[in-house]
Amino acid sequence: MKHLRELIENANLLETKIVAVVKAEDPDVLKAVKRTMEAIPLKSILIGSRDKIESLLSSLDMDHRGIEIIEAGDPREAVNIGVDMAKQGKVQMLMKGLLSTRDFLKGIVSEDKALVGNNLLSHVAVFECPGREHLFMVTDAAMNINPDVAQKYQILKNSLSVAKSLGITGPKVAILSAVETVNPAISSTTDAAVLCKMAQRDKLSAIVDGPLALDISISKEALQHKGITSPVEGDADILLVPELVSGNILYKSLVYFAGARVAGIVAGARVPIILTSRADSDESKAYSIVMGMIMAGVDSSV
């Protein structure tokens with residue numbers, strides 16, 4: 001898959017799904033919902049202030065067909081309603097609206113852990129970048145600040161579930177660091193070596209290699225120039241970053257310097273979680289919803 005617009009084609013092959021938007025009185029989010037509902041078989045449940053939501057729907061000239069509004073007075077109540085609906089299977093996706101990320105995720109990782117179990121939630125960004133022959137992923141650039149090896153392994157497995165939903169078989173995963181040799185002074189290199197062994201022992205359906213610098217992860221020319229042999233072959237499908245800071249810099253560099261398009265999803269829960277930033281474009285938000293529908297509509301277990 002080379003273009004994000006191909007996600008729409010795939011989503012249109014699926015049965016209708018329902019997304020619950022928590023605290024939906026957010027015009028940017030509703031614009032994305034409108035754009036997505038016009039493109040794919042999607043219904044939405046908008047949770048929040050009915051008066052504010054209805055006012056926004058009118059101002060956006062948004063068709064009420066396929067939309068249900070549920071009144072909720074405060075963010076906590078709105079999250080609880082959305083989570084309960086997801087637990088009962090009434091909705092297949094959850095999307096963050098006008099509330100803090102902390103309050104949104106706190107409600108999802110509830111005491112009974114019905115939506116997450118013992119899994120770690122992690123963010124997976126899917127990029128369409130000029131000059132690249134296929135879509136690729138970056139994880140985790142948004143949620144886990146400084147994950148340990150065990151957490152990185154869960155982040156890896158979460159990204160494989162996203163790759164599977166996109167129809168990528170045997171994805172090539174580059175465990176990123178600054179160098180390609182294991183150096184005890186650089187913890188990301190030792191983590192990478194352990195992750196590769198864990199993936200090998202668990203027989204994951206992926207090609208996992210690291211530590212790898214970014215250049216040889218995405219450039220066959222750089223790989224040849226350095227004289228390094230890697231099964232990723234300079235053509236990674238997934239870039240697993242060492243921690244949030246480097247991942248966030250890479251994410252924003254791709255968007256603002258390289259002109260990349262992006263869709264993002266939070267994986268690891270029973271239902272896909274759509275967690276967009278105010279800085280994301282309307283197009284990016286819409287593609288993120290489409291990504292959620294695809295993950296909800298196919299078996300992405302690994």
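This is a friendly chat about the overall build, two strands, and the empty spaces of a predicted model.

Reader: Hi! What am I looking at, and how many helices and strands are there in the protein chain?
Author: Welcome! This is a predicted model, and its protein chain has 11 helices and 11 strands.

Reader: What does the C-alpha trace span along its principal axes?
Author: About 65 × 40 × 30 Å.

Reader: And how does the radius of gyration sit with a compact globule?
Author: The two agree: a compact globule of 302 residues would have a radius of gyration near 19 Å, and the protein chain has 19 Å.

Reader: What percentage of the residues is buried?
Author: Buried residues make up 53% of the 302 in the chain.

Reader: Let's zoom in on a strand. How many residues of β7 are buried?
Author: Five of its five residues are buried, so β7 is largely enclosed by the rest of the structure. You can see this on both faces: Lys 172, Ala 174 and Leu 176 are buried on one side, and Val 173 and Ile 175 are buried on the other.

Reader: Which strands does β7 pair with?
Author: One partner is β8, residues 207–212, which pairs with β7 in the parallel sense over four bridges. Another is β9, residues 238–240, again in the parallel sense, over three bridges.

Reader: Which residues should I click on to find those pairings?
Author: For the β8 side, try Lys 172, whose bridge partner in β8 is Ile 207. For the β9 side, go to Ile 175, which has Leu 240 as its bridge partner in β9.

Reader: How does the chain cross from β7 to β8, and which hand does the crossover have?
Author: The chain goes through α7 on the way, and this β-α-β crossover is right-handed.

Reader: Staying with α7, is Leu 195 buried or exposed?
Author: Leu 195, which has its place in helix α7, is buried, with a relative accessible area of 0%.

Reader: And how far is Leu 195 from Glu 128?
Author: They are 67 residues apart in sequence, and 26 Å apart in space, going from C-alpha to C-alpha.

Reader: New topic: which way do the residues of β4 point?
Author: In β4, residues 93–96, Met 93 and Met 95 point one way while Leu 94 and Lys 96 point the other way. All of them are buried.

Reader: Which strands are joined to β4?
Author: Strand β1, residues 17–22, runs parallel to β4 and is joined to it by four bridges. There, Ala 20 has Leu 94 of β4 as its bridge partner. Strand β11, residues 273–274, also pairs with β4 in the parallel sense, over two bridges. On that side, Met 95 has Ile 274 of β11 as its bridge partner.

Reader: Now the gaps. How many cavities of 30 Å³ or more are there?
Author: Two. The largest has a volume of about 40 Å³, and the second largest about 30 Å³.

Reader: What lines the largest cavity?
Author: Its lining is made of Asp 140, Asn 144, Pro 147, Lys 152, Ile 155, Leu 240, Val 241, Pro 242, Glu 243 and Leu 244. By class, that gives six nonpolar, one polar and three charged residues.

Reader: And what lines the second largest cavity?
Author: Some names will be familiar: the lining is Lys 152, Ile 175, Leu 176, Ser 188, Leu 195, Leu 240, Val 241 and Pro 242. Here β7 and α7 are the elements that give two or more residues. By class, this lining divides into six nonpolar, one polar and one charged.

Reader: How much space lies in the largest pocket?
Author: About 560 Å³. The pocket is lined by 28 residues, and those nearest its centre are Tyr 251, Leu 275, Thr 276, Ser 277 and Asp 280.

Reader: Which elements supply its lining?
Author: α5, α10, β10 and α11 each supply at least two residues. The largest share comes from α10, with five residues.

Reader: Last one: what classes of residue are in that lining?
Author: The lining of the largest pocket has 13 nonpolar, nine polar and six charged residues.

Terms used. Residues are numbered from 1 along each chain as its sequence is written. This is a predicted model: local features need pLDDT of at least 70, side-chain atom pairs count only at pLDDT 80 or more; totals for chains, interfaces and linings use all residues. Side-chain values use heavy atoms; hydrogens and water are left out. On a 1 Å grid over the protein atoms alone, a cavity is a set of points where a 1.4 Å probe fits but cannot get out, and a pocket is an open set with protein on both sides within 12 Å along at least five of seven lines; lining residues have an atom within 4 Å of a point. Grid points are joined across faces, edges and corners, and a volume is the space filled by probe spheres set on the points. Ala, Val, Leu, Ile, Met, Phe, Trp, Tyr, Cys and Pro count as nonpolar, Asp, Glu, Lys and Arg as charged, and the others, Gly among them, as polar. Buried means under 20% relative accessible area, exposed over 50%, partly exposed in between (1.4 Å probe, protein chains only). Two strands pair if DSSP finds at least two bridges between them. A crossover is right-handed if, with the strands pointing away from the viewer, the path from the first strand over the helix to the second runs clockwise. The radius of gyration is taken over C-alpha atoms; the globule rule is 2.2 Å times the number of residues to the power 0.38.
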